[in-house]
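Got your viewer open? Let's take a walk through this chain, one selection after another.

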Amino acid sequence: MSELTVTGLTVRFAGLTALDDVAFTVAPGSVHAVIGPNGAGKSTCFNVLSGVYKATEGSVRFDGTELTALRPDKIAALGVARTFQNIALSRNLTVESNLMLGRHRLTKAGFVAAGLRLPHACREDARHRARVREIARFVGVEEYLAAPVAGLSYGVQKRLELARALALEPRLLLLDEPVAGMNGAERVRMAEVIRRARADLGVSILLVEHDMGMVMRLADQVTVLNFGKRIASGPPDEVQRDPAVIRAYLGGAHTETGARTGTETGAPPGSQAGTEEEKA
Ligand SMILES: Nc1ncnc2c1ncn2[C@@H]1O[C@H](COP(=O)(O)OP(=O)(O)OP(=O)(O)O)[C@@H](O)[C@H]1O
Ligand SMILES: [Mg+2]
């Protein structure tokens with residue numbers, strides 16, 4: 001059972017507690033959203049789950065394996081794939097090459113065998129290419145397979161990032177703001193791909209997203225963070241009505257993005273808390 005269980009997760013940077021004793025569980029085959037105002041600790045949480053940041057305290061178990069001591073590549077090898085808040089693709093490579101890189105851990109033929117174009121390596125390569133085409137079709141980027149990433153529209157690049165994560169054949173997908181900066185039509189399209197990833201591929205999904213409409217439509221369970229602490233959790237409609245959640249968002253709290261550090265910088269326009277929020 002590929003369940004993800006986070007308990008007592010605490011992350012401290014010099015003088016700042018980005019996550020404070022956070023706990024939640026992602027049930028197999030479910031969509032679990034992590035929401036909260038800017039700086040709440042959502043990306044930090046993702047960075048710990050994917051091995052980019054080390055937890056100060058606490059445990060992250062996936063399918064019975066403790067992840068907190070593992071390097072990012074080991075975590076990926078267990079079937080945990082992620083996308084980033086800001087696009088992280090190889091811009092000068094083609095769509096196909098980016099997706100083939102995503103399959104790296106699944107490639108058995110060694111570097112030398114592939115380089116010498118030995119028959120078994122060629123057969124394996126053809127198999128991977130065929131699967132890459134399927135995945136590209138699944139997210140709707142098949143027509144761009146031969147195109148370099150740099151020239152593609154933002155919406156296509158975001159879907160490609162998701163495709164690259166899927167190329168790993170993951171059991172758990174970590175999506176950090178998959179529709180940030182997208183227009184309405186692109187958002188609808190992305191939401192549909194995410195829904196099908198769960199329904200058709202059976203992947204569990206942990207979703208960080210500011211677009212409340214999308215969270216309400218896609219998520220089975222929601223965990224709300226504010227200043228690193230979990231302030232609410234439950235089904236989306238319940239969480240949406242929770243007074244502590246409403247207060248956290250209305251407070252507008254802490255949007256001093258200038259103070260942010262690390263690789264994940266300010267959220268793109270349109271992704272700010274409340275943009276698409278149903279202020280009921
Ligand atoms: N590498 C780091 N070093 C120091 N502080 C960090 C680092 N990464 C994040 N932080 C701080 O931890 C806090 C949580 O940041 P995080 O990026 O996790 O927030 P977030 O919920 O993803 O916000 P947003 O919605 O704006 O993406 C912030 O105060 C941030 O400045
Ligand atoms: Mg973030």
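Here is the tour, starting with the whole chain and then going piece by piece.

**The whole chain**

Keep in mind that this is a predicted model. Start by colouring the chain by secondary structure: there are 10 helices and 10 strands to find. Of the 280 residues in the chain, 39% are buried. Take the contacts between residues at least 6 apart in sequence, and 69% of them join residues at least 24 apart.

Now switch the colouring to pLDDT. The average over the chain is 86, and 86% of the residues score at least 70. Where is confidence lowest, and where is it highest? Select helix α4 (residues 111-115) for the low end, with a mean of 65, then β4 for the high end, at 98. While you're in this colouring, select residues 253-280, where the pLDDT is below 50. That stretch still has 46 contacts in the model beyond near neighbours in sequence.

**Stop one: the sheet of 4 strands**

Select β2, β1, β4 and β5, in that order, and you have walked across an open sheet with antiparallel pairing. Which strands stand at the edges? They are β2 (16-26) and β5 (65-66); each has a single partner strand, so one side of each is left without a neighbour in the sheet.

Stay here and add helix α1 (residues 42-49), which packs on this sheet and touches β1, β2 and β4. Its direction makes about 65° with that of β2.

Next, go to the inside of the sheet. Strand β1 (residues 4-13) and strand β4 (residues 57-62) pair in the antiparallel sense over 5 bridges. To see that pairing residue by residue, show Thr10 with its bridge partner Glu57 in β4. Then show Thr7, which stands opposite Ser59 in β4.

Move along to β4 and β5, an antiparallel pair over 2 bridges. Arg61 is the residue to pick here, standing opposite Glu66 in β5. These two strands form a hairpin with 2 residues between them. Click on Asp63 in the turn: its phi is positive, at about 55°.

**Stop two: the sheet of 6 strands**

Now select the other group of strands. The order is β6-β7-β8-β3-β9-β10, an open sheet with mixed pairing. At the edges you'll find β6 (80-82) and β10 (229-234), each pairing on one side only. Going from one strand to the next, the twist averages 15°.

In which sense do β3 and β9 pair? Select strand β3 (residues 31-35) and strand β9 (residues 221-226): the pairing is parallel, over 4 bridges. Ala33 is a handy marker, since you can find it opposite Val222 in β9.

Bring α1 back into view. This helix also lies across β3, β6, β7 (172-176), β8 (204-208) and β9. Relative to β7, α1 runs at about 150°.

**Stop three: a helix crossing**

Hide the strands and select helix α3 (residues 95-102) together with helix α5 (residues 119-139). The two axes come within 10 Å and cross at roughly 110°. An angle from 65 to 115 degrees counts as roughly perpendicular, so that is how α3 lies to α5. The crossing of α3 and α5 is right-handed.

Turn on side chains to see who meets whom. From α3, show Val95, Glu96, Leu99 and Met100; from α5, show His128, Val132, Ile135 and Ala136. Those two groups are the ones that meet.

**Last stop: two loop residues with positive phi**

Finish with a pair of single-residue selections. Pick Glu169 in the loop between α6 (154-166) and β7. Its phi is positive, about 55°, although this residue is not a glycine. Is Glu169 buried or exposed? With 16 C-beta neighbours inside 10 Å, Glu169 counts as partly exposed.

Then jump to Phe227, in the loop between β9 and β10. Phe227 is another residue other than glycine with a positive phi, near 50°. Count around Phe227 and you get 18 other C-beta atoms within 10 Å, which makes Phe227 partly exposed.

Note on methods: Residues numbered from 1 in each chain as written. Chains lettered and ligands numbered in written order. Predicted model: local features only at pLDDT ≥ 70, side-chain atom pairs only at ≥ 80, totals over all residues. Pairing = 2+ DSSP bridges. Contact = placed C-beta atoms within 7 Å. Axes fitted to C-alpha atoms, helices over the stretch in contact; angles between N-to-C directions. Buried ≥ 20, exposed ≤ 12 C-beta atoms within 10 Å, placed from the backbone. pLDDT = per-residue confidence, 0-100. Parallel < 35°, antiparallel > 145°, perpendicular 65-115°, else oblique. Left-handed = near helix turned anticlockwise from the far one by under 90°.
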